[in-house]
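Biologist: Could you take one part of this protein and look at it closely, setting it in its surroundings as you go? I would like one connected account rather than a list.

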Amino acid sequence: MREELSSYNPYKYEGKIGTNALDYTFVTDVGIKYQVYFIHSQGDFPAHPHLDNQTYTFGFGPSVEQSTPLPAAPRAGIDKRVKDTIIDILRKILQGDKDMALLYICSSGGDRQSAARNKLFNAWLREKDPKALFGLQITVHTLKVDDTYMSILVRDANEYYIDFEEAIAIFREQIKNK
């Protein structure tokens with residue numbers, strides 16, 4: 001455990017809060033500007049519309065504002081600090097509001113970068129127990145619809161936990177019946 005904490009090293013990041021969105025940015029050691037964004041969900045759970053107020057859809061990747069060309073990936077592989085930073089942002093958001101759920105939607109159809117981000121994010125979640133990853137009692141639901149993957153992060157202490165469970169079960173049934 002001590003080794004894990006000493007290797008945890010997120011980048012410094014800045015956050016902006018908008019009307020229906022949250023936006024965080026950070027710059028890696030090699031100059032790549034990343035964006036982690038959260039948009040208030042709308043209509044993701046039609047049988048439970050009240051969950052729209054409790055759900056943010058999020059995504060991440062190199063910023064569309066990247067002004068300099070992306071450098072070639074270092075031979076050492078993936079920058080672990082990117083993961084640490086994204087996980088730190090997710091943890092802070094989930095700590096800040098126990099009744100918020102985070103929805104990650106990633107389509108892999110025809111977009112290699114989206115497919116790679118989805119694969120990477122799911123690897124982070126499988127690395128160890130999400131409760132240890134986020135330091136909170138979290139349940140992660142992962143769904144696949146055609147070429148789209150979804151992960152829903154819900155705190156176990158969420159006031160709407162049962163509603164999220166029901167909404168996800170309905171969604172799973174709809175997928176089976178397609």
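Modeller: What follows is a close look at helix α2 and its salt bridges, and then at the strands and the core around them. The model is predicted, and the values below are computed from it.

The protein contains 5 helices and 7 strands, which follow one another along the sequence in the pattern α-β-β-β-β-α-β-α-α-β-β-α. Of its 178 residues, 40% are buried, and among the contacts with a separation of 6 or more, 60% join residues that are 24 or more positions apart. The accessible surface comes to about 10,300 Å², and carbon and sulfur atoms hold 52% of that surface.

A search of the whole structure finds 4 salt bridges, and three of them can be described here through residues of helix α2. In one of these, the side chains of aspartate 29 and arginine 81 meet, at 3.3 Å from N to O. Arginine 81 belongs to helix α2 (residues 80–96), whereas aspartate 29 sits in the loop between β2 (21–27) and β3 (33–40), so the pair ties together parts that are 52 residues apart in sequence. The aspartate of this pair, aspartate 29, is exposed, its relative accessible area being 61%.

Two further salt bridges have both partners within helix α2. Aspartate 84 meets lysine 80 at 3.0 Å, N to O; these two residues are 4 apart in helix α2, which means that about one helical turn separates them. Aspartate 84 has a relative accessibility of 4%, and because buried is set at under 20%, aspartate 84 counts as buried; lysine 80, by contrast, is partly exposed at 41%. Aspartate 88 forms a salt bridge with lysine 92, with the closest N and O atoms 3.6 Å apart, and this pair too is spaced by 4 residues, about one turn of helix α2. Aspartate 88 is likewise counted as buried, with a relative accessibility of 11%.

The loop that holds aspartate 29 leads into the strands. β2 and β3 run antiparallel and are joined by 7 bridges, and valine 27 has lysine 33 in β3 as its bridge partner. Their hairpin has 5 residues between the strands, where glycine 31 takes a positive phi near 90°. On the other pairing, β3 runs antiparallel to strand β4 (residues 55–62), again with 7 bridges, and glutamine 35 stands opposite glycine 61 in β4.

In a regular strand the side chains alternate between the two faces of the sheet. In β3, the covered face carries Tyr34, Val36, Phe38 and His40, while Lys33, Gln35, Tyr37 and Ile39 are on the uncovered one.

Phe38 from that covered face also appears in the largest nonpolar core, which has 30 residues and in which Phe38, Leu90, Leu102, Phe121 and Phe134 have the most contacts. The elements that give two or more residues to this core are β2, β3, β4, α2, β5 (101–107), α3 (112–127) and α4 (130–134). The largest share, 7 residues, comes from α2, the helix that also holds arginine 81 of the salt bridge to the loop. Phenylalanine 134, leaving aside residues up to four places away in sequence, touches Ile87, Leu90, Arg91, Leu94, Leu125 and Leu153. Apart from this core lies another, of 12 residues, with Phe45, Leu51, Met150 and Ile152 among them.

Key
Residues are numbered from 1 along each chain as its sequence is written. This is a predicted model: local features need pLDDT of at least 70, side-chain atom pairs count only at pLDDT 80 or more; totals for chains, interfaces and linings use all residues. Side-chain values use heavy atoms; hydrogens and water are left out. Buried means under 20% relative accessible area, exposed over 50%, partly exposed in between (1.4 Å probe, protein chains only). Two strands pair if DSSP finds at least two bridges between them. Contact means heavy atoms within 4.5 Å. Accessible areas come from the Shrake-Rupley method with a 1.4 Å probe; for residues, only the protein chains shown count as cover. A nonpolar core is a set of buried Ala, Val, Leu, Ile, Met, Phe, Trp, Tyr and Cys residues joined through side-chain atoms within 4.5 Å.
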